[in-house]
Amino acid sequence: MRIETRAIHAGDRKKAPPAVPVTTPIYTAASYFYDDMEQLDRVFARTEQGFSYSRYDNPSNHALEELAASLESGHGALACASGMAAIQIALATALEGRPKRILASYALYGATISVLHKVFEPLGVEVEFADMCELAAVPSCGCVLMETMSNPLLRVPPIDRIAEMARAAGAAVIVDNTFATPLLVRPMELGANMVVESATKYLAGHGDVLAGLVVSDAAHYDTLRMLSRAYGPVLGPFECYLTMRGIKTFPLRMERHCENACRVAEWLKRHPRVERVYYPGDPQHPDAATIERLFAPGLRGGMVSFEIKGAGREEVFRMMERLAMIVPATSLGDVHTMMLYPMMSSHREVPPAERDRMGIRENLVRLSVGIEAAEDILADLATALENR
Ligand SMILES: *Cc1c(COP(=O)(O)O)cnc(C)c1O
């Protein structure tokens, strides 16, 4: 079945006597028992599929995990309490039995860079950063970590080619697919071993739940579940329900996000106050060939970044204060349009010299284009950009 259909049906409607619920209930029970103690013993031994304790497995989590694995073409999945919890356990899984060395894209999400520096390096893991769009070889390491689309400049690395080099080097590949989503790109089909997602963003999509997903191949799945039973980063059943509910409309929403972002990018490109637009659908995008090869036809994501001519922090702040509908808040992928100032939020901790090297300037803002009427998004941008 196609992804739009699987988003609605996968995971749900498990047969449970006396009738089959059309959607998965919220199972709040912390533990489970059976009439037959031998059966509970087999469930604990994992020789029989079943539920014993909710940190190990829970029917609400199980349904969401089946759905996530289906969307990302994986063997199995783990639902985590946040995107960061998902990234952390995916990294730990990848390093199990491999050299304790991570090759990471230098254009990663800010908190992911913090996890590498503040969690993994103090544990003795070596971290090396590289420009994944220019990577010529994968050195000896345990794991390669990258994002489908970088934040906020929206660069797209050749995941398929990097995965091939990583396989030859014996390293596991983890791709953070939060910005692209499985509607646009499915990294597992391009050779990734694990995909992580902040489901907080497009998948859940309504700005009302914090959730993370790890989708894994068969080779890493048992280690992932073993570490999860030990660490216990699991998502609560209510959040599983919200995430699953959100995912049912995610392909539909995502198509509209993409359509609106395309219109906004074209409009911004022609605006006299706009110096430069960063958008993966731009034919002049530095990774245009990779995008054409890896992305679903016609879908280029809902993110657009742009620079305002001659603006500094003051002018950007005043412009953002003039927004009447667009929400000037952090996060992305919600139904409403949001504008973020990377210098203040995502890249606040990055030293100025490093920021310059990354190409993140003082006049840069990032838009997560929502699913409102495009006319209203453009009108709000027009007003905010025109008064000085
Ligand atoms: C938001 C985000 C995360 C972290 O997810 P949380 O759900 O906030 O923990 C990780 N990676 C990317 C690309 C994100 O946008």
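Start by colouring the chain by domain: the assignment gives domain 1 as 3–247 and domain 2 as 251–384. Keep in mind that this is a predicted model.

**Stop 1: the domain interface**

Show both domains as surfaces. Their centres, taken over C-alpha atoms, lie 27 Å apart. The contact draws 36 residues from domain 1 and 40 residues from domain 2. Between them the two domains bury about 3100 Å². Carbon and sulfur atoms account for 64% of that area.

Now select Leu153, Leu184 and Tyr202 in domain 1. These residues lose the most area to domain 2. Together they make up 24% of what the domain 1 side buries.

**Stop 2: H4 against H5**

Hide the surfaces and select helix H4, residues 83–95. Add helix H5, residues 110–120. How far apart are the axes of H4 and H5? They are 11 Å apart, and the packing angle is about 50°. That angle makes H4 oblique to H5, since it falls outside the ranges for roughly parallel (under 35 degrees) and roughly perpendicular (65 to 115). The crossing of H4 and H5 is right-handed.

Switch on side chains. From H4, pick Met84, Ile87, Gln88, Leu91, Ala92 and Leu95. From H5, pick Ala111, Thr112, Val115, Leu116, Val119 and Phe120. These residues form the contact. By class, the contact of H4 with H5 has 10 nonpolar residues, 2 polar and no charged.

**Stop 3: H4 against H8**

Keep H4 and swap H5 for helix H8, residues 218–231. Here the axes of H4 and H8 are 9 Å apart, at an angle of about 125°. H4 and H8 are therefore oblique to each other. The crossing of H4 and H8 is right-handed.

Which H4 residues meet H8? Select Ile89, Ala92 and Thr93. Across from them, on H8, are His220, Thr223, Leu224, Leu227, Ser228 and Tyr231. The residues of this contact divide into 5 nonpolar, 4 polar and no charged. Ala92 is worth a label: it takes part in the contact with H5 and in the one with H8.

**Stop 4: two backbone details**

Go to Asn151 and Pro152. The peptide bond joining them is cis, with omega about 0°. Pro152 sits in the loop between strand E4 (143–147) and helix H6 (159–169).

Finish at Arg46. Where is Arg46 found? Look in the loop between helix H2 (37–44) and helix H3 (59–71). Arg46 is not a glycine, yet its phi is positive, at about 60°.

Technical notes
Residues numbered from 1 in each chain as written. Predicted model: local features only at pLDDT ≥ 70, side-chain atom pairs only at ≥ 80, totals over all residues. Heavy atoms only, no water. Axes fitted to C-alpha atoms, helices over the stretch in contact; angles between N-to-C directions. Helix = DSSP H or I, 4+ residues; strand = E, 2+ residues; numbered from the N terminus. Parallel < 35°, antiparallel > 145°, perpendicular 65-115°, else oblique. Left-handed = near helix turned anticlockwise from the far one by under 90°. Contact = heavy atoms within 4.5 Å. Nonpolar A, V, L, I, M, F, W, Y, C, P; charged D, E, K, R; others polar. Domains from an automatic or database assignment. Buried area = accessible area lost by both parts, 1.4 Å probe.
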